[in-house]
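Student: Hi, could we go through this structure together? I'd like to start with how the chains touch.
Tutor: Happy to, let's bring it up.

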Amino acid sequence: MKGPRHSDSPSQKRLMRLGGLIRKEAHQIVRDPSSIAIAFVLPVILLLLFGYGVSLDAEHVPIAIVVEQPGRETAGFVAGFQHSPYFAPEIMHTIQRAEQALMHREVDGIVWLRSNFAQELLGPGPATIGLIVNGVNANQARIIEGYVKGVWSRWLKHTALDQGMTPGPTVAVEQRIWFNAEMRSRNFLVPGLIAIIMTLIGALLTAMVVAREWERGTMEALMVTPVRIQEILLGKIIPYFILGMGGMAVSVAMAVWVFEVPFRGSYGVLFVTAALFLLTALAMGLLISVVAKNQFVAGQIAIIATFLPAFILSGFLFDIGSMPKAVQMVTYIIAARYFVNILQSLFLAGTVWTVVIYNALALGIMCLFFLFLVRKRMKKRLE
Amino acid sequence: MLRRILALMVKEFISIVVDPKSRIVLIAPPIIQLMVFGYAATFDLERVPYAVYNEDRGRASRDLLALLEGSPTFQLAARVHSDREIRPLLDAKRVMAVVHVGPRFSERLLRGEPAPLQVIVDGRNSNSAMIVLNYIRSIVNQYQSPAGETAPAGLRVRFWFNQNLESRWFIVPGLVALLTLVVSLLLTALSVAREREAGTFDQMLATPLRPGEILVGKALPGFIIGMAEATFIVLMAVYWFDVPFRGVIAPLYVGLMMFLVSAVGAGLMISALSVTQQQALLGAFLFLVPAIILSGFATPIANMPPAVQYLTFLNPLRYFLIIVRSVFLEAASFEVLWNLYWPMALIGLVTLGAAGWLFRRRMY
């Protein structure tokens, strides 16, 4: 019969115990394949759904164009909307009809050319073009306003050229968009989504595993064995870490090949920072699990404390710099914030060391802090 | 029958309220989330850090840059004196935009020639980049309108329902729907699974309670608590966040009832489907996360590809978000909203029916 010989050194024994724990956890994972599904299938589905679903680029915006008196002048203006990929214009003849459509959310905006448009345009005074936008979604309204202004200024330039006028002394804004020249919102949303999805998965994988052992009483059984608490923790973290890294690799591959987000940084840096982030997410899951002690509460905290904060406070969608100072302080304890920053830079700007080092350091500190808390709470229970 | 349902309901309430940890999960997070998210979730930009690279010594550039500096939207973070300094600033996100004025800017304007103003923007967040560019353009327009020649046609812009385009008016009513969904779904999703794991669900099936009565008894606490939470958040939205409430209460609450029926139904169905709490949690996650991201809460449904748009018809949050926002801001009446009510009622009927059916069939 084989077994631990007395001549084995303590470190060898420790490794053996750890190996045993990892094997046990691995068996559990394989027998209940839901963990594997969480790590590999979930990121694929979520990324596909959200990568396509979450977009801030408005196209084919339904808009009503009220032409009270059609003519050559109005036709030139309306054509600008008909040729624009941003608009799906619908011509109407009375403002009442258009306002009705706006109230019923059939259109997002109204461009209003009054009956005296041609007259004013050819006469001395400037003609007025009315633009009414549904402002409920303020961001969308601003985007629509920008699009309409684009069509309007192009039309102005054309009419000026047609009439043989030279452009006056004007300040011409020349824009250069760095890192994302075509302004595709997907390019920054998909890297952010990876961080959010991995936050979810890290927490889901571990949030309930310790709570489950407490609830079933198997934790007490583990405690009376010679296994140390660090070993129990490592035994829980290592298998799920490997699973999570697999999921991360799948997500990054999808971002690059399915969503065609350029990756300009170094894969080595990505690997190291991703590992750091995943460890933090897993440690947070463990902490929830240890603190809650029962699965019901652990599950609720996991949902409340991970997904929504990562979604709203990570800077993935909403700019952190514009939040009130007090809320900005809150964002410092959101691990996803740092990883979103790193990912957006690695994907779009390249390996920017100032960004990487600062954020990786913050992640490292958070990770150690969570692990320390987990360790402390576990010890208390033993006494 | 009523007495039995009432008894079960009282028992459910006790099991929620007596356990201090469950109680805290119900009360504290929605308040904290409302306060934090209400302020955090905004697309409006403030204090945008920018750098100036001015090679011009004339008056025109000074005037233009002063306008920029005076704007509350922008905050001057650095002055640079060479091209080489721009890259590190943008890379490290120390500034979001660099405004570059060429050496002959003022001179060109004086001679009546067009003068270029170069604006370099960090495009890592393309939405912010676009907003920054729009802001800078409007400041430039403001600068040249007194001096510049009058264009043949001016654009007069008005925004309905939200004159000053405050993101908060859009987000905070959205939070009414979002947080109500999270609370009512969480309460119900784990409720049956917990009893099943503890074995008490079998006991309950052995009592004279009929499955329909169990269903109602399990659904009502989630419904009532959801109602209370939603009312609290609506009051906070009006009195704390100062979001105008222009409509009347009835259309909102009819919508809220339909919404809660569908949310509780989805929660109970998830619960009835799962054998363990872990599965129920996973189910709740798998429902909540897509329901929130694909609801129009933050990004418009109209921007999604058609296939994903069809999928959102199954999402009760999608309908209720429109109802809350239009009652708040557009003073919407039943007449405009009726076609948003019945899909939620339908979702509720189907999920509650499925849950009741599963209660009887799925016993192991």
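Student: How many residue pairs are in polar contact between chain A and chain B?
Tutor: There are 25 such pairs between chain A and chain B, with both residues at pLDDT 80 or more. A polar contact is a pair of N or O atoms within 3.5 Å; within protein, one must be able to donate a hydrogen and the other to accept it, and residues adjacent in sequence count only if both atoms are side-chain atoms.
Tutor: Keep in mind that this is a predicted model, where local features need pLDDT of at least 70, side-chain atom pairs count only at pLDDT 80 or more, and totals for chains, interfaces and linings use all residues. Residues are numbered from 1 along each chain as its sequence is written, chains are lettered from A and ligands numbered from 1 in the order in which they are written, and side-chain values use heavy atoms, with hydrogens and water left out.

Student: Which helix gives the largest share of chain A's side?
Tutor: Helix 12 of chain A (residues 295-313) does, with 16 residues touching chain B. Helices (H or I, at least four residues) and strands (E, at least two) are DSSP runs, numbered from the N terminus.

Student: And how many residues does each chain put into the contact?
Tutor: Chain A brings 107 residues and chain B brings 110, where contact means heavy atoms within 4.5 Å. About 10100 Å² is buried between the two chains, 67% of it on carbon and sulfur atoms; buried area is the accessible area (1.4 Å probe) that two parts lose on being put together, summed over both.

Student: What about salt bridges, how many between the chains?
Tutor: The count there is 2, a salt bridge being a side-chain nitrogen of Lys or Arg within 4 Å of a carboxyl oxygen of Asp or Glu. B:Asp44 pairs with A:Arg142, and their closest N and O atoms are 3.0 Å apart.

Student: And how many over all chains?
Tutor: The total is 23. One of these joins A:Glu25 and A:Lys236, at 3.1 Å from N to O. A:Glu25 is in helix 1 of chain A (residues 10-31) and A:Lys236 is in helix 10 of chain A (residues 229-257), so this pair ties together parts 211 residues apart in sequence.

Student: Switching to strands: which strand of chain B does strand 4 of chain A join?
Tutor: Strand 4 of chain A (residues 127-134) runs parallel to strand 5 of chain B (residues 153-160), joined by 8 bridges; strands pair if DSSP finds at least two bridges between them. A:Ile129 stands opposite B:Leu155 there.
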